[in-house]
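Reader: I'd like to look closely at one part of this protein rather than tour the whole thing. Please pick the part that you would show a colleague at the bench, and walk me through it and what lies around it.

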Amino acid sequence: MAKTFEDLISKKTQGSFKIYLGYAAGVGKTYEMLQEGHRLKKRGLDVVIGYVEPHARPETTALTEGLEQIPVKMLSAGGSTFPEMDLDAILKRAPKIVLIDELAHTNFTGSKNEKRFEDVLQLLENKINVISTLNVQHLESVADRVTQATSAPVQERIPDVILGRADQIVLVDVTMEELRERLRAGKIYDKVKAEHAMGKFFTYENLSFLREIALREVAGDQVRKIEAQGLLKQKAADIAEEAVMVAMSSHPTDAEILLRKATRMAAQLSTHCYAVYIQKNAESATKIDATLQRKLQNNLKLAKTLGAEVITLRAENIHEALVTFAANHRVKHAIFGKSRRSPLMGGINTR
């Protein structure tokens, strides 16, 4: 089992990927990433900064000194200019390791890719190793829950499968008291913004909620990594018999909510999630209403994005098909929404 990032990059044919994950702004993700950059440079590795978000935090800014920085690309619109990471310049420079802040960032119009994580994937394909940062609320599967719980819309989102692509995930964790003290001291935002944030996003209730999600995400990742390396005689899902299934209807109403709930449950249990659609003859592509067909396909695409395995089965008896699938795939948790076509299943927990 690889213990260091150096172990990983010496064994991979594609670039290795490491993420510093936090539960809120200010926990120290960028600081930790830059510190590792200096450690790796001291060991003789070619490390550059691809992009660091300028948060005007003196301790973090000081750590950028002594590391080569790839100049940002300035993009203009409406009389204003915006700095963006220069993907082509990094590819041309071809460093051994590149440090890239804010993985969930949406690139400005005119960039090569829409999202920064797409830039990262391109770098990995070109055998460039990447260390990046991410806050847990930006994961697609939890973004809506965070918005609902904190009343703070999550605009930047990233597919959960990108987190699954990481070879290492390191939780950057500080106590809620320490984080709020950093906020009060003006180390995260300026004093005016910090005062507002204390009573809004940075409440103990919100921070506790986000911290729990981050801890569970990292714990689940550790189980998956151990399992993937064959260090368990059985897969965690087989041992626990806790697989999750969400039944997809051809008349979707709250499918997005159900999918996010199912994939989060599976992640917390470190088990498999199946999105199962039973297609009757009357629901073939040539017979189903075009609007419903588009909705169904969009939901199945979302299921893949969230990390679920999409299963399409053809059967006339939906109840029987779902029960058979559940029995054969160790499904203990089945999730259904409100639909005139969704059956109830006996013998399986429904949520």
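Author: Happy to! Let's begin with helix 2, which gives the most to the lining of the largest pocket, with 4 residues. Please keep in mind that this is a predicted model.

The pocket itself has a volume of about 1100 Å³. Its lining is made up of 40 residues, and those closest to the centre are Ala 25, Gly 26, Arg 57, Asn 135 and Tyr 189. Besides helix 2 (29–42), the elements that give two or more residues to this lining are helix 3 (58–63), strand 7 and helix 9 (191–199). In character the lining is mixed: 14 of its residues are nonpolar, 14 are polar and 12 are charged.

Strand 7 is a good thread to follow out of the pocket. The strand belongs to an open sheet of 6 strands, in the order 3-2-6-7-1-8, with parallel pairing. At the edges of this sheet are strand 3 (68–69) and strand 8 (168–171), each of which pairs on one side only. Strands of a sheet pair through backbone hydrogen bonds, either parallel or antiparallel. Here, strand 7 runs parallel to strand 1 (residues 17–22), and 6 bridges join the two. If you want a spot to find on screen, look for Phe 17, which stands opposite Val 130 in strand 7.

Now move along the chain from strand 7 (129–135) towards helix 6 (140–150), and in the loop between them you will find Gln 137. Gln 137 counts as buried because its relative accessibility is 9%, and the cut-off for buried is under 20%. Leaving aside neighbours within four places in sequence, Gln 137 is in contact with Tyr 23, Val 142, Ala 143, Val 146, Val 154, Phe 201 and Leu 210.

For another element with buried residues, turn to helix 14 (residues 318–328), where Ile 318, Ala 321, Leu 322, Phe 325 and Ala 326 are buried. These residues cover an arc of only 130° around the axis, so they sit on the same side of helix 14. Their packing partners are strand 9 (243–248), strand 10 (273–279), strand 11 (309–314) and strand 12 (331–335). On the other side of helix 14, Glu 320, Ala 327 and Asn 328 are exposed. Just after the helix comes Arg 330, with a positive phi of about 55°.

Terms used:
Residues numbered from 1 in each chain as written. Predicted model: local features only at pLDDT ≥ 70, side-chain atom pairs only at ≥ 80, totals over all residues. Heavy atoms only, no water. Buried < 20%, exposed > 50% of the residue type's maximum accessible area, 1.4 Å probe, protein only. Contact = heavy atoms within 4.5 Å. Arc of directions from axis to C-beta. 1 Å grid on protein atoms, 1.4 Å probe; cavity = no way out; pocket = protein on both sides within 12 Å on 5 of 7 lines; lining within 4 Å. Points joined across faces, edges and corners; volume = space filled by probe spheres on them. Nonpolar A, V, L, I, M, F, W, Y, C, P; charged D, E, K, R; others polar. Pairing = 2+ DSSP bridges.
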